[in-house]
Amino acid sequence: MKIKIINPVPDLEKETVEAMRRYLAASLEAGTCIEFEPVAKGFRSIETEAQGVINGAEILRLVVKAQREDCDGIFINCFDDPALIGARELSRKPVLGPYGASVHFASMISEKVGIITTDDYGICCEERKALHYQFAGRIAAVEKVEMTVLDLCEGDLLARLTACCQRLEAQQIYAVVLGCTGMNFAADELKTALKKAGLQIQVIEPLKTGVKALELLIKMGYTNAIKGTKVRMEDYIE
């Protein structure tokens, strides 16, 4: 099985991509291969609707390209699920993003789910997504770390995540989804810190959760292609 992971920003450092590869490989089945491909151009992060739409066009180019390749499924590596519906319209192969898969998974282990996002506008975006996916009744609270996506690797992210989890558990929320796949590097340390602090809240990391969901989807022979009005790429004018 081969999974194509589309990085929706053009300039992730090689070391960051390799770290994600190692992180995912530890949980994937022995026969599953992953291949990363970045968009050719676009914003360095996706934190607004405008950035998602502009970078989303480049994501869709790679989705179309993947139809001619030997991959079995496509994963869009951004918690905003940019261009996901369009990708499912264009792809015969299953396409997943991290948001829907992670919130569904969190809902299986807690009646109330929390999200930890980046900043104030991140909270607005999470509220919008929850309405779109009909998760509004399930997501009980959204916390923020007061950092941008590009700042996550700097400073005290672990301490901020831990404080967010403490506030969520105080509201009897026992499952939290990290609201950016770029937080993946802190997930294991966060789980250790929470256990040490005696907290019960469980952390769902969306990169691993989404890719594992796609792996299972492929293995069971399902697709989530949208069978709507046919999109004819020959009608596209460069």
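**Strand pairing and a buried isoleucine**

Me: Which residue in strand 7 stands opposite Gly114?

Reply: This is a predicted model, in which local features need pLDDT of at least 70, side-chain atom pairs count only at pLDDT 80 or more, and totals for chains, interfaces and linings use all residues. Residues are numbered from 1 along each chain as its sequence is written, and side-chain values use heavy atoms, leaving out hydrogens and water. Strand 5 (residues 113-117) runs parallel to strand 7 (residues 175-178), and four bridges join them. Opposite Gly114 in strand 7 stands Val176.

Me: Which strands stand at the edges of the open sheet?

Reply: Strands are DSSP runs of E (at least two residues) and helices of H or I (at least four), numbered from the N terminus; two strands pair if DSSP finds at least two bridges between them. The sheet has four strands with parallel pairing, in the order 6-5-7-8. Two of them have a single partner strand each, so one side of each is left without a neighbour in the sheet: strand 6 (139-144) and strand 8 (202-204).

Me: What is the bridge partner of Asn7 in strand 2?

Reply: Strand 1 (residues 2-7) and strand 2 (residues 33-38) run parallel, joined by six bridges. Within strand 2, Asn7 has as its bridge partner Pro38.

Me: Is Ile123 buried or exposed?

Reply: Ile123 belongs to helix 5 (residues 120-133). Not counting residues up to four places away in sequence, Ile123 touches Thr117, Val142 and Lys144, contact meaning heavy atoms within 4.5 Å. Buried means under 20% relative accessible area, exposed over 50%, and partly exposed in between (1.4 Å probe, protein chains only). With a relative accessible area of 18%, Ile123 is therefore buried.
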